Amino acid sequence: MLEKAFYSLSEFFGRQAGYYRTPNLVHYNEYLIDQPAWLVMSNVHDYRQAVAENPVLYGCIDILASAASNGKKYLVDLNGKEVPWTSGKTGVKQARKLFVDRPNPLQSVKEFNYERAYMYYTFGNNYVYLNNPLKTFDTDLLNVLTMYNLPSEWTIVKQTGMIYDQVDLKGIIAMYCLTNYSPTKEFTPDKIVHFNDINTSNVGNSIVGSSRLETLKMPITNTQLAFEAMNVILKSRGMQGIIKANNKDATGTQIPMSALSKKEIDETFKVKYGIQRDQNQFLISYSDIDYIKTIMNSKELGIYEEFSNNAMIISNGLKVPTELYKTYIQGATFENQIQAVRRLYQDNIIPHTENDDQYWTERLGMRNYGLELKTDWSHIPALQEAFKEKAIALLSTSRAADLAYNANIITWNDYLRAMDMDTVPDGDRYKYQRTEIPVVDLAPVKPINEPPQI
């Protein structure tokens, strides 16, 4: 009872100072009794609230979603040759409609992909609804008219409870349910393409992904506390210090300062001294004066350094290079920024998108029409130089491999490996072994009998 009264009083005085904790952060009051307190990250609603309230977290997810939505889709045939969007091949027109023109009436392709990535990185799951009005036909590329991202916060997966003996998705998942409708909307597994992060919680048997925000709840909490502390310091600075005049009489007894003298000193400091124009920065005094500091700034308290360190932990946890979300005073060079963008794409966005493209291809049955979905990144300015460097390196490697092969130093398979190509069964031979003229064992020629002379 006494503890509740104490917390109520502290909250009251906090409100009077213009400082109030949100309901999700109210348990932070535990720090008053030297106990750690962390954000609650137990369900999808907590994830959404954390992203909505924490600028560091939102900034990192925005970087990821923006980068993921920059790719341009294209098609290749089963031999890897690009199929132009103008081709009359079966399935090309429908694929162009979904992945290049407009996936649905409300969103552009970039908006759709941004939302997809936001759902994935926030909740660990993204559910795409395939609108197939032909209920008598299985959902595939030709009969999907539109695609929508379902809100991951309100989507649950009903499982059959049978996994390891199943050979089809329908035997594992009974239904996808959208719970923010009354009654609940239900979707059969063939109409949902489910992209999920790796499940590290061992809940859901890897069917439902787990959000990385759960693991990052400690640095997320600390950045939230740092924001609150900095806000309190900036808003409620209070008294900065005490100016103590040691006025004494001949006997050494302290003489109290009069109210008029206090007012005069206060006005003098406000008008004559400071860092504004025409103000003096230093006071030269012949009196015995002491100054007692009564407040510490955020730097002295170490708040900013802790905030920056925790922000870097969040960035690393989401695989966002820290140079792209700079929370430290020392500025990164332009070259570091370019390298950071490359790392973001090469180590995170591109491999992730390649995996998604394979799943799109499988779920839409695109190989049935001789097609596979791919994503192009060559238009990204930071990657263009990287592609150029890769091409120069490949040219240099190719020339060296050509010289080595023609000089009978390496085999044909060694040459293929240098070109990052698949080897061939009869390729472990040198050039002279592959080009020598085979000796043909000819049968003896029978002598031709000359015709008799007439």
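Axes here are lines fitted to C-alpha atoms, for helices over the stretch in contact, and the angle between two of them runs from 0 to 180 degrees between N-to-C directions. In this predicted model, helix H2 (residues 44-53) and helix H5 (residues 109-123) pack with their axes 9 Å apart, at an angle of about 110 degrees. Angles of 65 to 115 degrees count as roughly perpendicular, so H2 is roughly perpendicular to H5. The chain as a whole holds 13 helices and eleven strands.

**Chain overview**

- Of the 454 residues in the chain, 36% are buried.
- Among contacts in the chain with a separation of 6 or more, 60% are between residues 24 or more positions apart.

**Helix H2 against helix H5**

- The crossing of these two helices, H2 and H5, is right-handed.
- On the H2 side the contact is made by Val44, Tyr47, Arg48 and Val51, and on the H5 side by Tyr118, Thr122 and Phe123.
- By type, the residues of this contact between H2 and H5 are five nonpolar, one polar and one charged.
- An α-helix has 3.6 residues a turn, so residues three or four places apart point the same way.

**Helix H5 on its own**

- H5 has 15 residues, which at 1.5 Å a residue should span 21 Å.
- The end C-alpha atoms of H5 are 21 Å apart, in agreement with that expected span.
- Buried residues in H5 are Val109, Phe112, Asn113, Arg116, Ala117, Met119, Tyr120, Tyr121, Thr122 and Phe123.
- Thr122 and Phe123 are thus named twice, as buried residues of H5 and as residues that meet H2.
- Gly124, just after H5, takes a positive phi of about 80 degrees.

**Helix H3 against helix H9**

- A second helix pair is formed by H3 (residues 55-68) and H9 (residues 303-317), whose axes come within 10 Å and cross at roughly 35 degrees.
- H3 passes H9 in a right-handed crossing.
- Val56, Leu57 and Cys60 of H3 meet Phe307, Ala311, Ile314 and Ser315 of H9.
- The residues of this contact between H3 and H9 comprise six nonpolar, one polar and no charged.

**Backbone points to check in the structure**

- Most residues other than glycine have a negative phi, and most peptide bonds are trans.
- Lys319 has a positive phi, near 60 degrees, in a residue other than glycine.
- Lys319 sits in the loop between H9 and helix H10 (334-363), and counts as partly exposed at 47% relative accessibility.
- Asn408, also not a glycine, has a positive phi near 60 degrees.
- The place of Asn408 is the loop between helix H11 (381-406) and helix H12 (412-418), and its relative accessible area of 32% makes Asn408 partly exposed.
- Ser182 and Pro183 are joined by a cis peptide bond, with omega about 0 degrees.
- Pro183 belongs to the loop between strand S6 (173-178) and strand S7 (185-187).

**Ile242 and Asp290**

- Ile242 is a residue of strand S9 (residues 241-245).
- With a relative accessible area of 36%, Ile242 is partly exposed.
- Ile242 and Asp290 lie 48 residues apart in sequence, and their C-alpha atoms are 8.0 Å apart in space.

How values were computed:
Residues numbered from 1 in each chain as written. Predicted model: local features only at pLDDT ≥ 70, side-chain atom pairs only at ≥ 80, totals over all residues. Heavy atoms only, no water. Helix = DSSP H or I, 4+ residues; strand = E, 2+ residues; numbered from the N terminus. Parallel < 35°, antiparallel > 145°, perpendicular 65-115°, else oblique. Left-handed = near helix turned anticlockwise from the far one by under 90°. Contact = heavy atoms within 4.5 Å. Nonpolar A, V, L, I, M, F, W, Y, C, P; charged D, E, K, R; others polar. Expected span 1.5 Å × (residues − 1). Buried < 20%, exposed > 50% of the residue type's maximum accessible area, 1.4 Å probe, protein only.
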